[in-house]
Amino acid sequence: MTSAAVVGIVVIFLYALAAPALCRALAPAVATRILVPASVFAAASGAFILAVLAFTWIGQFPLIAARGAWSPTRLRSDSPIPAGLAVVSGVLVALAAISVVWTVTRRVHALLEVYRACRDLTAVGGLIVLNDARPDAFTTPQPAGRVVVTSGLLRALGDRERRVLLAHEASHLAHRHAWWNLAADLAAALNPLLRPTARALATAAERWADEDAAQTVCDRRLVAATLVRVAQLQTRFPATARRTAITVAGPAATGGDVAVRVRALLAPPPRRRPVVVAAIVTALLIGSLPAAAVQHTGEALFEHAAQPAVSRHT
């Protein structure tokens, strides 16, 4: 079990190191569809491995052992996990659980705040225009997803720029980017090593919407110029509490790394790389084996410590 756990943790650490670079190298839609599930799996695997290590110690408590019908003495003598390491693992699992609950609470609060702000407004073709001088645009998550744009931003943009903006936000809505981002953020909340990956994936979702907008207007430079224009407009307004809620609630017009997005738009469209994608998927599948080995050896440890059934004679 110890070897499998160590290998599993090392694999997750290597994934956390490599994933941001992979996110930048792959086409944004491909990166999102592969690396978001991989991040969720990596975070869950790490928590599972730590939980198994912790339970080798928790299972030695008489009350727990009695409910599980195993011998605490035999479990203590058979367990290869030192008590100190098991306790640390348990603390890490508890901290991860608190972090996930905190992240979910923040997201739900932000969504409720946005829905309260929009509930009295009429959506026309899925578009809501907020009467607000601040330049902003974002989407709310499906199934009741909407594109929300402020009147200040619409007034500041020309016709072609407005078309880019709406195409970008429509892509967020169509591809449910808010949920992809939420999944990546929850993975990062569960495993802080994945925070750089979550930031890279947020930028990938924005790049995905940028690419869709570029296809719609058939002009990559126009999309880049519109992005810079919106970012410049937003620098004239200080951040506010509502802005913070919007940023947390869903993809915004200037979300992610704006410089990376502009550079990507000024370059040729991303290429399809099926061989690279196949290699990454294969590596990810192989990387799941240590967690399975921990689960198998953990079960074997507790089965070996199980109390023999008491025979009753009449």
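Phe 55, Trp 70 and Phe 302 form one aromatic cluster. This is a predicted model, so please take each contact I mention as a computed one. The structure holds four aromatic pairs, and I will go through two of them.

Phe 55 and Trp 70 make an edge-to-face pair, with 6.0 Å from centre to centre and 85° between the planes. Phe 55 belongs to helix α2, while Trp 70 sits in the loop between α3 (62-68) and α4 (72-78), so this pair ties together parts that are 15 residues apart in sequence. Phe 55 has a relative accessibility of 34% and counts as partly exposed. Trp 70, at 13%, counts as buried.

Now the other side of Trp 70's pairing. The ring centres of Trp 70 and Phe 302 are 4.7 Å apart and the planes stand at 65°; the pair is edge-to-face because angles over 60 degrees are classed that way. Phe 302 lies in helix α14 (residues 289-304), so its pairing with the α3-α4 loop ties together parts that are 232 residues apart in sequence. Both Trp 70 and Phe 302 are buried.

Next, the nonpolar cores. The largest nonpolar core has 21 residues, and those with the most contacts inside it are Tyr 15, Cys 23, Ala 31, Leu 35, Ala 184, Leu 194 and Leu 201. Four helices each supply at least two residues of this core: α1 (2-25), α2 (28-58), α8 (177-190) and α9 (195-217). Helix α2 gives the most, with seven residues.

What is Leu 201 in contact with, leaving aside its neighbours within four places in sequence? The list is Cys 23, Ala 31, Thr 32, Leu 35, Val 36, Ser 39, Asn 181 and Ala 184. There is also a second, separate core of 16 residues, and its members include Ala 5, Leu 53, Val 294 and Phe 302. Phe 302 we have already met in the aromatic cluster.

On to the charged pairs. A search of the whole structure finds seven salt bridges. I will describe three.

Asp 219 and Arg 160 meet through their side chains at 3.4 Å, N to O. Asp 219 is in the loop between α9 and α10, and Arg 160 is in helix α7 (residues 159-174), so the bridge ties together parts that are 59 residues apart in sequence. Asp 219 is partly exposed, with a relative accessible area of 25%. Arg 160 counts as exposed at 53% relative accessibility.

Glu 206 and Arg 261 form a salt bridge at 3.7 Å, N to O. Glu 206 comes from helix α9 and Arg 261 from helix α12 (residues 258-266), so that pair ties together parts that are 55 residues apart in sequence. Are these two buried or exposed? Both Glu 206 and Arg 261 are buried. Glu 206, Asp 210 and Arg 261 are joined into one network by salt bridges that share partners.

The third is Arg 220 with Glu 211, where the closest N and O atoms are 2.7 Å apart. Arg 220 and Glu 211 are buried as well.

Two arginines remain. Arg 236 lies in the loop between α10 (220-235) and α11 (241-249). Its relative accessible area is 61%, so Arg 236 is exposed, the cut-off being over 50%. Arg 107, by contrast, is listed among the buried residues of α5. The C-alpha atoms of Arg 236 and Arg 107 are separated by 26 Å, and the two residues are 129 apart along the chain.

Helix α5 itself covers residues 83-118. What span should its 36 residues have at 1.5 Å a residue? The expected figure is 52 Å, and the end C-alpha atoms are 53 Å apart, which agrees. The buried residues of α5 include Ala 86, Ser 89, Ala 96, Thr 103, Leu 111 and Cys 118.

Last, the annotation. The unreviewed UniProt entry marks residues 6-27, 34-59, 79-102 and 275-294 as "transmembrane region". In the model, residues 34-59 are 96% helix and 0% strand, and the end C-alpha atoms of that span lie 36 Å apart. Residues 275-294 are 95% helix and 0% strand, with end C-alpha atoms 31 Å apart.

Notes
Residues numbered from 1 in each chain as written. Predicted model: local features only at pLDDT ≥ 70, side-chain atom pairs only at ≥ 80, totals over all residues. Heavy atoms only, no water. Buried < 20%, exposed > 50% of the residue type's maximum accessible area, 1.4 Å probe, protein only. Expected span 1.5 Å × (residues − 1). Core = buried A, V, L, I, M, F, W, Y, C linked by side-chain atoms within 4.5 Å. Contact = heavy atoms within 4.5 Å. Salt bridge = Lys/Arg side-chain N within 4 Å of Asp/Glu carboxyl O. Phe/Tyr/Trp six-rings, centres within 6.5 Å; stacked < 30°, edge-to-face > 60°. UniProt positions renumbered as here; feature names shortened; annotations may be inferred.
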